[in-house]
Amino acid sequence: GQNLSHFAKNRKCETVASLKRRFKEKGKLKRHERIHTGEKPYQCKNCNKTFNDLGNHRRHEKHCHKSQ
């Protein structure tokens, strides 16, 4: 049988191998997986809001906490 990943629960039923082919860079695959796992490792130091992507975290701090 195929090695199904956690994406099967989201009815995408993609194999780990197919995801690795789609995301050539390991970091981009990890970032995509966070959408499904709910992991949010980046936290705003001003308001404690959490983000799954470093770019969104930086954008938030830059635009929402300009004067701080």
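The chain exposes about 5,400 Å², of which carbon and sulfur atoms supply 46%. The structure is a predicted model. Of the 68 residues of the chain, 25% count as buried. Among the contacts with a separation of 6 or more, 15% are accounted for by residues 24 or more positions apart.

Confidence varies along the chain. The average pLDDT is 78, and 71% of the residues score at least 70. Over residues 7-13 pLDDT stays under 50, and for this segment the model has eleven contacts beyond four places in sequence. Where pLDDT is low, the predicted coordinates should not be read in detail.

The secondary structure comprises three helices and two strands. From the N terminus on, these elements follow the order α-α-β-β-α. Helix 2 covers residues 26-37. Strand 1 spans 42-43 and strand 2 spans 50-51, with a loop between the two. Helix 3 covers 54-64, and a further loop lies between strand 2 and helix 3.

Two histidines of helix 2 were examined together. His-32 lies in helix 2, as does His-36. The side chains of the two residues are joined by a polar contact of 3.3 Å. His-32 has a relative accessibility of 15% and counts as buried. His-36 is likewise buried, with a relative accessible area of 17%; both values can be set against the cut-off for burial, which is under 20% relative accessible area. His-32 can also be placed relative to a residue distant in sequence: its C-alpha atom is separated by 9.0 Å from that of Asn-52, and the two residues are 20 residues apart along the chain.

A search of the whole structure finds three salt bridges. One of them pairs Asp-53 with Arg-31, whose side chains meet at 3.6 Å, N to O. Asp-53 is in the loop between strand 2 and helix 3 and Arg-31 is in helix 2, so this pair ties together parts that are 22 residues apart in sequence. The two partners fall into separate accessibility classes: Asp-53 is buried, with a relative accessible area of 14%, whereas Arg-31 is partly exposed, with a relative accessible area of 38%.

Another salt bridge is formed by Glu-39 and Arg-34, with the closest N and O atoms 3.9 Å apart. Here the basic residue is the buried partner, Arg-34 having a relative accessibility of 12%. Glu-39 is partly exposed, with a relative accessible area of 34%. The remaining salt bridge links the side chains of Glu-25 and Lys-28 at 3.6 Å, N to O. Glu-25 counts as partly exposed at 48% relative accessibility, and Lys-28 is also partly exposed, with a relative accessible area of 38%.

The cysteines were considered next. With a disulfide requiring a pair of cysteine sulfur atoms within 2.5 Å, the count comes to zero disulfides. Cys-44 is in no disulfide, and the nearest cysteine sulfur, that of Cys-47, is 3.7 Å away. For Cys-47 the closest cysteine sulfur is that of Cys-44, and the distance of 3.7 Å is too far for a bond. The surroundings of the two residues can be described by their accessibility. Cys-44 counts as buried at 1% relative accessibility, whereas Cys-47 is partly exposed, with a relative accessible area of 37%.

Asn-48 is placed in the loop between strand 1 and strand 2. Its backbone has a positive phi of about 70°, although Asn-48 is not a glycine. Asn-48 is partly exposed, with a relative accessible area of 48%.

Taken by element, helix 2 recurs in these results. His-32 and His-36 make their polar contact through side chains, and both histidines are placed in this helix. Arg-31, also in helix 2, is the partner of Asp-53 in the loop between strand 2 and helix 3.

Conventions:
Residues numbered from 1 in each chain as written. Predicted model: local features only at pLDDT ≥ 70, side-chain atom pairs only at ≥ 80, totals over all residues. Heavy atoms only, no water. Buried < 20%, exposed > 50% of the residue type's maximum accessible area, 1.4 Å probe, protein only. Helix = DSSP H or I, 4+ residues; strand = E, 2+ residues; numbered from the N terminus. Contact = heavy atoms within 4.5 Å. Areas by Shrake-Rupley, 256 points an atom, 1.4 Å probe, with all protein chains shown as cover. pLDDT = per-residue confidence, 0-100. Polar contact = N/O pair within 3.5 Å; in protein donor to acceptor, adjacent residues only side chain to side chain. Salt bridge = Lys/Arg side-chain N within 4 Å of Asp/Glu carboxyl O.
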